[in-house]
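Got your viewer open? Let's take a walk through a protein chain, one selection at a time.

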Amino acid sequence: MFFEIDVEKKLGEAEIAVSFASTAGLTALFGPSGSGKTSILNMIAGLLTPDRGRIAVAGELLFGNGVDLPPERRHAGYVFQDGRLFPHLKVRANLLYGARRGHGTIGFDEVVDLLGLDALLGRWPRTLSGGEAQRVAIGRALLSSPRFLLLDEPLASLDRTRADEIMIMIERLRDQLKLPILYVSHNQGEVDRLAGQQVAIRR
């Protein structure tokens, strides 16, 4: 079982609750903006504490039954919608920052080749297109040697051509690296193409 999630959290007037188990390589949380999808990712990553529940990934208990691992011990590769690259570091240095946090389960050259980053290594983040920046963000997450990936609407700000490029990259991650991936989107086409299992999140 890759993801076993059963959590509840009250945020202001909103009540977020989801329960699912998945053996799919890529599981999608699908629903409208404001339905709590990002908050669910944050609970899994350890950035937000559920009011109650259980979180296990790839057989490891992260939260529940008295367990609440801190984010750094959960080893999630978290890719945000806006990439969040360090603007003062070139692409190579952004990637190597991830590598310093990792344990060598996937190498620098392998990530560069997998994501087609070689031509970008000497560039500054401000010179990258949205699609290029997301590829670098995914590469940095992979080099931290994650046990699983959390992708929060990584295509939301991209045009159709760039979005298709990133979907191809995500398919490679899903099929070649066999990392459990939890993918957030409100785009049904993306979800139908990428996900082995869909979880509907409603307001």
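Here is a tour that begins with the whole chain and then stops at a few places along it. Keep in mind that this is a predicted model.

**Stop 1: the whole chain**

Show everything as a cartoon. You should find seven helices and ten strands. Along its principal axes, the C-alpha trace spans about 45 × 35 × 30 Å. The radius of gyration is 16 Å, which agrees with the value near 17 Å for a compact globule of 203 residues. Now colour by burial: 51% of the 203 residues count as buried. Contacts reach far along the chain too. Among those with a separation of 6 or more, 71% are between residues 24 or more positions apart.

**Stop 2: the open sheet**

Which strands make up the open sheet, and in what order? Select five of them and read across: β2-β1-β4-β5-β6, with antiparallel pairing. At the edges sit β2 and β6 (67-68), each pairing on one side only. As background, strands of a sheet pair through backbone hydrogen bonds, either parallel or antiparallel.

Zoom in on residues 3-11 and 14-22, which are β1 and β2. These antiparallel strands are joined by nine bridges. Pick V7 and look across to β2, where its bridge partner is V18. The two strands form a hairpin with two residues between them, and in the turn G12 has a positive phi of about 65 degrees.

Next, slide over to β4 and β5, an antiparallel pair with three bridges. Select I55 and you'll see it opposite F63 in β5. Then click on A58, in the loop between β4 (52-57) and β5 (60-64). What is its phi like? It's positive, about 50 degrees, although A58 is not a glycine. That's worth a pause, since most residues other than glycine have a negative phi. Is A58 buried or exposed? A58 counts as exposed because its relative accessibility is 52%, and the cut-off for exposed is over 50%.

For another positive phi, go to H75, in the loop between α2 (71-74) and β7 (76-79). H75 is not a glycine either, and its phi is about 55 degrees. At 23% relative accessibility, H75 counts as partly exposed.

**Stop 3: helix α1**

Select residues 37-45, helix α1. Eight of its nine residues are buried, so the helix is largely enclosed by the rest of the structure. The buried ones are K37, S39, I40, L41, N42, M43, I44 and A45. Just after the helix, G46 takes a positive phi of about 90 degrees.

**Stop 4: helix α6**

Jump to residues 160-177, helix α6, with 18 residues. From first C-alpha to last it reaches 25 Å, close to the expected 26 Å. At the start of α6, find D159: one of its side-chain oxygens comes to within 3.2 Å of the backbone nitrogen of T161. After the helix comes K178, whose phi is positive, near 60 degrees.

Now show the side chains of the buried residues: A163, I166, M167, M169, I170, E171 and L173. What covers them? The cover includes β3 (26-30), α4 (108-115), α5 (130-143), β8 (148-152), β9 (181-185) and α7 (188-194).

Stay on L173 for a moment. Beyond its neighbours within four places in sequence, L173 is in contact with L114, L115, I138, L142, L149, K178, L179 and I181.

**Stop 5: the nonpolar cores**

L173 leads us inside. In soluble globular proteins, nonpolar side chains tend to be buried together. The largest nonpolar core here has 40 residues, and those touching the most other members are L95, L115, L117, V136, L142, L149 and L173. Elements that give two or more residues to this core are β3, α3 (91-101), α4, α5, β8, α6, β9 and α7. Helix α5 provides the largest share, seven residues. Apart from this core lies another, of 26 residues, and you can find it by selecting members including V7, L41, V57 and F148.

**Last stop: S144**

Finish at S144, in the loop between α5 and β8. S144 counts as buried because its relative accessible area is 11%, and the cut-off is under 20%. Which atom lies 2.6 Å from a polar atom of the S144 side chain? Show the backbone of A141 and pick its oxygen.

Definitions and conventions. Residues numbered from 1 in each chain as written. Predicted model: local features only at pLDDT ≥ 70, side-chain atom pairs only at ≥ 80, totals over all residues. Heavy atoms only, no water. Helix = DSSP H or I, 4+ residues; strand = E, 2+ residues; numbered from the N terminus. Expected span 1.5 Å × (residues − 1). Buried < 20%, exposed > 50% of the residue type's maximum accessible area, 1.4 Å probe, protein only. Contact = heavy atoms within 4.5 Å. Polar contact = N/O pair within 3.5 Å; in protein donor to acceptor, adjacent residues only side chain to side chain. Core = buried A, V, L, I, M, F, W, Y, C linked by side-chain atoms within 4.5 Å. Pairing = 2+ DSSP bridges. Rg over C-alpha atoms; globule rule 2.2 N^0.38 Å.
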